[in-house]
Amino acid sequence: VVSTQSTWDQLKVRIQGMAEADKKQYEVIYKGYMKGHNGWVTSMQFGAREGRDNFLISSSRDKSVLIWKLKPEGTEDEEFGTPFKILKGHSHFINELSLSNDCAHCLTAGWDGFIRMWDINEGKTVRLFKGHTKDVLSVAFSQDNRQIISGGRDKTIRLWNILGENKYTIESAHNDWVSSVRFSPDKSQDLFFSAGWDRKVKLWNKKSMSEFVPDSPINFSSQYLSTLAIAPSGAFVATGGKEGNLKILSVKQKPDLSFGLEDTRNCPLLNEINTVAFSPKFFWVACGCDNGIKLYDFKANNVFADIQMQPLEETSKDEDKEEEEEEKKEKKVKRVHKIGVLSMCMNTAGNLIFAGCTDNNIRVFEIAEKKAQQPKYQ
């Protein structure tokens with residue numbers, strides 16, 4: 001039996017403030033967990049299919065991909081989803097996955113140096129991408145699902161077609177590991193982005209495979225960058241890493257029709273940032289850190305929620321009582337192990353956050369409109 005609700009009720013979600021959007025106030029509520037992986041949960045995406053049930057897909061250091069059936073919203077069951085399909089093939093950790101827009105295929109980037117394309121329905125590898133000489137750290141589908149980019153520890157960025165052919169390679173794209181690559185979601189812009197351990201974010205022209213050199217240098221970080229996310233509009237980029245500094249950049253088109261990045265927001269979070277995700281609904285960025293999730297409102301330029309991850313303890317009520325009595329007798333302080341968030345995604349409506357953690361579990365949170373308190377009458 002997984003007994004967590006009482007723990008979460010004791011200030012497990014520390015709300016430092018409420019976000020104001022459209023003159024409404026919101027709060028973060030713990031909804032449940034998802035158990036299935038036997039290693040750190042490294043990447044996740046929400047799958048929305050018209051006329052079919054939505055699903056979650058996740059990858060892990062256990063070398064597998066799980067496809068999850070989600071419980072209907074509003075159910076009281078704390079177990080929010082159960083895995084119904086497992087994909088196996090990599091011989092080392094899976095670092096990242098990318099889901100096609102039609103939810104028919106999935107890409108995985110592995111430490112074994114390979115990229116795999118999976119048929120979601122069949123649960124089988126349909127393409128094996130060979131080219132990287134070291135671990136592949138990031139992979140992404142283009143908006144039309146016809147092109148693929150990848151980056152890794154060989155410092156290259158590679159452009160592929162869906163047949164698994166390496167069409168172009170940018171050698172030494174960064175001066176260190178390429179940690180994250182993303183296409184622009186704006187179909188009118190032939191752009192993609194990359195972040196690296198050389199502490200830089202770069203903007204690239206997809207047609208010429210050349211970098212848009214910034215007019216003036218942007219001071220990104222004193223330590224490596226781990227993650228990159230693009231806003232649904234394609235107008236903003238979020239990045240962060242070891243230093244714990246969240247940076248928001250604006251994508252600007254210049255008079256000569258070239259593009260550039262402009263430093264827009266800086267927010268020191270004081271905790272290492274492993275992953276970032278834009279809300280599809282508000283001007284919010286969710287940051288997965290080494291001690292939990294921080295929600296940042298970049299219009300108001302403030303962190304409005306600090307969500308600490310609590311252990312999912314598998315104990316019975318009798319065992320809980322015995323343990324409490326034993327601790328009282330021995331006067332021992334229970335040791336707390338920090339649980340980090342490595343991966344994150346939100347549902348299409350933007351009201352659910354899925355957090356993949358270093359204890360191998362996925363936790364689910366709801367962003368709900370705060371209910372007005374009813375006046376008390378004497």
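**Exercise 1. Find the aromatic rings that have R153 over their faces, and give the distances.**

Step 1. Apply the criterion: a charge sits over a ring if NZ of Lys or CZ of Arg is within 6 Å of the ring centre and within 35 degrees of the ring normal.
Step 2. R153 lies over the face of W177, 4.1 Å from the ring centre.
Step 3. R153 also lies over the face of W111, at 4.3 Å from the centre of that ring.

The model is predicted, so local features need pLDDT of at least 70 and side-chain atom pairs count only at pLDDT 80 or more, while totals for chains, interfaces and linings use all residues. Residues are numbered from 1 along each chain as its sequence is written, and side-chain values use heavy atoms, with hydrogens and water left out.

**Exercise 2. Classify the ring pair Y26 and F282, and place it in the chain.**

Step 1. A pair of aromatic rings is described by the distance of the centres and the angle of the planes.
Step 2. Rings of Phe, Tyr and Trp (its six-membered ring) pair if their centres lie within 6.5 Å; planes under 30 degrees apart are stacked, over 60 edge-to-face, and the rest tilted.
Step 3. A search of the whole structure with this rule gives 18 aromatic pairs.
Step 4. For Y26 and F282 the ring centres are 5.1 Å apart and the planes stand at 55°, so the pair is tilted.
Step 5. Y26 belongs to strand 3 (residues 24–34) and F282 to the loop between strand 24 (273–278) and strand 25 (284–289), so the pair ties together parts that are 256 residues apart in sequence. Helices (H or I, at least four residues) and strands (E, at least two) are DSSP runs, numbered from the N terminus.
Step 6. Both Y26 and F282 are buried. Buried means under 20% relative accessible area, exposed over 50%, and partly exposed in between (1.4 Å probe, protein chains only).
Step 7. Ring pairs join Y26, F282, W284 and F304 into a cluster.

**Exercise 3. Describe the largest nonpolar core and the surroundings of M344.**

Step 1. A nonpolar core is a set of buried Ala, Val, Leu, Ile, Met, Phe, Trp, Tyr and Cys residues joined through side-chain atoms within 4.5 Å.
Step 2. The largest such core has 24 residues, of which I293, L295, M309, M344, I353 and F365 touch the most other members.
Step 3. Elements that contribute two or more residues include strand 3, strand 25, strand 26 (292–297) and strand 28 (341–346). Strand 3 supplies the largest share, four residues.
Step 4. Contact means heavy atoms within 4.5 Å. Leaving aside neighbours within four places in sequence, M344 is in contact with residues including M44, T275, C287, I293, I353 and F354.

**Exercise 4. Work out the environment of H37.**

Step 1. H37 is located in the loop between strand 3 and strand 4 (41–47).
Step 2. Its relative accessibility is 5%, so H37 counts as buried.
Step 3. A polar contact is a pair of N or O atoms within 3.5 Å; within protein, one must be able to donate a hydrogen and the other to accept it, and residues adjacent in sequence count only if both atoms are side-chain atoms.
Step 4. The side chain of H37 has a polar contact of 2.7 Å with the side chain of S58 and one of 3.0 Å with the side chain of D62.
Step 5. Not counting residues up to four places away in sequence, H37 touches S58, S59, S60, D62, S64, L66, W68 and N360.

**Exercise 5. Compare K206 and M209 in the loop between strand 18 and strand 19.**

Step 1. K206 is in the loop between strand 18 (201–205) and strand 19 (210–211), and M209 is in the loop between strand 18 and strand 19.
Step 2. K206 has a relative accessible area of 17% and is therefore buried; M209, at 7% relative accessibility, counts as buried too.
Step 3. The side chains of K206 and Q147 are joined by a polar contact of 3.3 Å.
Step 4. Most residues other than glycine have a negative phi. M209 is not a glycine, yet has a positive phi of about 55°.

**Exercise 6. Assess N301 by backbone angle and exposure.**

Step 1. N301 sits in the loop between strand 26 and strand 27.
Step 2. Its phi is near 60°, a positive value in a residue other than glycine.
Step 3. With 39% relative accessibility, N301 counts as partly exposed.
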